[in-house]
Amino acid sequence: KLLITGKGRCNVTNNCTREELLENIPVNPRFLYSALSQFGAEDTMSFFEKLGVPLKTERGNRVFPVSDKAADIVAALDRELKRLGVKLIAMPVKEILAEDGVCTGVRAGDREFYAQSVLIATGGKSYPATGSKGDGYALAQGAGHSVTEIKPSLVPLICREKYCADMMGLSLRNVTLTLFDKDKRLYSELGEMLFTHFGVSGPLVLSASSHIRKMEQDRYRLEIDLKPGLDEKQLDLRIQRDFSDNQNRIFGNSLSKLLPAKLIPVMVRLSGIPGETRVNQITKQQRTAFGELIKHFPLTVRAFRPVEEAIITSGGISVREISPKTMESKLVQGLYFAGEVIDTDGYTGGFNLQIAFSTGFCAGINM
């Protein structure tokens with residue numbers, strides 16, 4: 001799974017303080033306070049650099065290998081496993097073994113492996129081709145744990161509007177995307193996004209999706225500010241300038257300097273100004289309304305794309321049943337949890353891998 005993170009570059013962590021890490025974890029951040037205190041972003045960076053992987057910090061404090069290769073992170077971990085003499089057994093685990101509330105090992109295939117402590121670190125349900133099919137949830141439930149609702153997070157969004165498909169493949173940069181729950185603003189950020197045959201995707205959309213807690217049709221809407229660098233007045237002056245340069249052209253042919261080509265037919269349609277109207281015939285009221293459309297391009301969210309397309313899974317083993325200081329089960333002594341299988345998740349930008357490393361370290365030390 002590490003090999004495909006960060007588009008194959010592996011965004012190992014986010015180079016920020018514990019407080020900033022917690023601000024970027026919308027689901028159960030307080031549960032992670034102790035784990036992040038024991039092993040934070042600096043510790044992650046130091047760990048990989050000591051294993052011979054030089055790192056760099058990019059925009060948004062995202063940390064990547066200097067080589068831009070996730071394979072270097074995986075290779076370093078493989079080398080460290082070998083150095084420590086860790087034995088790997090590739091067998092699907094069927095059951096956690098326990099007696100009188102104490103973990104005694106696991107059943108895998110037709111064999112039983114005995115151990116004083118067992119760690120469930122199976123990931124969620126996203127990217128099942130990598131092996132994470134949600135097995136950890138069933139194993140935990142078999143041991144008496146409860147699992148909260150499993151849903152996709154950091155996932156593309158399906159939109160009601162058909163015009164998304166008309167702009168399929170169009171990538172927007174330096175736009176501001178805002179997510180609303182009815183009229184309440186949940187998220188607003190500057191960055192990149194992409195139109196697809198089903199709706200929208202890209203970094204801004206993935207981040208916005210993690211703010212949607214209960215998906216209901218037509219409850220959530222998106223607005224794109226296509227010109228965030230200009231306020232309404234500046235934008236109106238810019239439109240006037242473009243119009244005066246194209247006075248005798250028709251409206252649909254006067255926007256090539258203002259908007260991407262794929263977006264123009266959609267904008268003309270939504271503006272209500274007939275595309276064949278001459279620029280010098282457009283009224284001030286029509287021009288102002290067009291400026292409004294540029295600043296508040298509308299989309300209606302219908303649904304998440306399937307969990308298989310999500311970067312992470314939201315939901316998991318209830319944090320009420322796990323000790324935040326040790327990651328040990330409160331129900332079964334000697335059973336531990338780490339990573340995405342726990343009901344906590346962060347925004348895109350290296351936060352989810354940091355959760356995995358911090359909870360993994362915390363569990364490992366205490367085991």
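Two strands count as paired if DSSP finds at least two bridges between them. Keep that in mind for the sheets on this tour. The model is predicted.

**Stop 1: a three-stranded sheet**

Select strands 1, 2 and 3. They form an open sheet in the order 1-3-2, with antiparallel pairing. Which strands are at the edges? Strand 1 (13-14) and strand 2 (55-57) are, since each pairs on one side only. Now zoom in on strands 2 and 3. Three bridges link them, in the antiparallel sense. Click K56, then find its bridge partner in strand 3: F64.

**Stop 2: helix 4**

Select residues 70-83. This is helix 4, with 14 residues. Try the distance tool on its end C-alpha atoms: in the model they are 20 Å apart. At 1.5 Å a residue, the helix should span 20 Å, so the two values agree.

Next, colour A70, I73, A76 and E80. These are the buried residues of helix 4. Do they lie on the same side or on opposite sides of the helix? They cover an arc of only 125° around the axis, which puts them on the same side of helix 4. The spacing rule helps here. An α-helix has 3.6 residues a turn, so residues three or four places apart point the same way.

What covers these buried residues? Show helix 3 (41-50) and strand 3 (62-65), which are among the elements that do. You met strand 3 at the first stop, in the sheet with order 1-3-2.

Before leaving, click G85. It comes just after helix 4 and takes a positive phi of about 70°.

**Stop 3: strand 14 and two partners**

Select residues 297-304, which make up strand 14. Add strand 9 (residues 157-159). It runs antiparallel to strand 14, and three bridges join them. Click I158: its bridge partner in strand 14 is A303.

Now add strand 13 (residues 220-225). Strand 13 also pairs with strand 14 in the antiparallel sense, here over four bridges. Click E223 and look for P298, its bridge partner in strand 14.

**Stop 4: D345**

Select D345. It sits in the loop between strand 16 (335-337) and helix 11 (351-366). Is D345 buried or exposed? The cut-off for buried is under 20% relative accessible area. D345 has 1% relative accessibility, so it counts as buried.

Show side chains around it. A polar contact of 2.9 Å joins the side chains of D345 and S314. Leaving aside neighbours within four places in sequence, D345 is also in contact with other residues, including I25, P26, V27, S153 and N352.

Notes: Residues are numbered from 1 along each chain as its sequence is written. This is a predicted model: local features need pLDDT of at least 70, side-chain atom pairs count only at pLDDT 80 or more; totals for chains, interfaces and linings use all residues. Side-chain values use heavy atoms; hydrogens and water are left out. Helices (H or I, at least four residues) and strands (E, at least two) are DSSP runs, numbered from the N terminus. Buried means under 20% relative accessible area, exposed over 50%, partly exposed in between (1.4 Å probe, protein chains only). A polar contact is a pair of N or O atoms within 3.5 Å; within protein, one must be able to donate a hydrogen and the other to accept it, and residues adjacent in sequence count only if both atoms are side-chain atoms. Contact means heavy atoms within 4.5 Å. The expected span of a helix is 1.5 Å times one less than its number of residues. The arc is that of the directions from the helix axis to the C-beta atoms.
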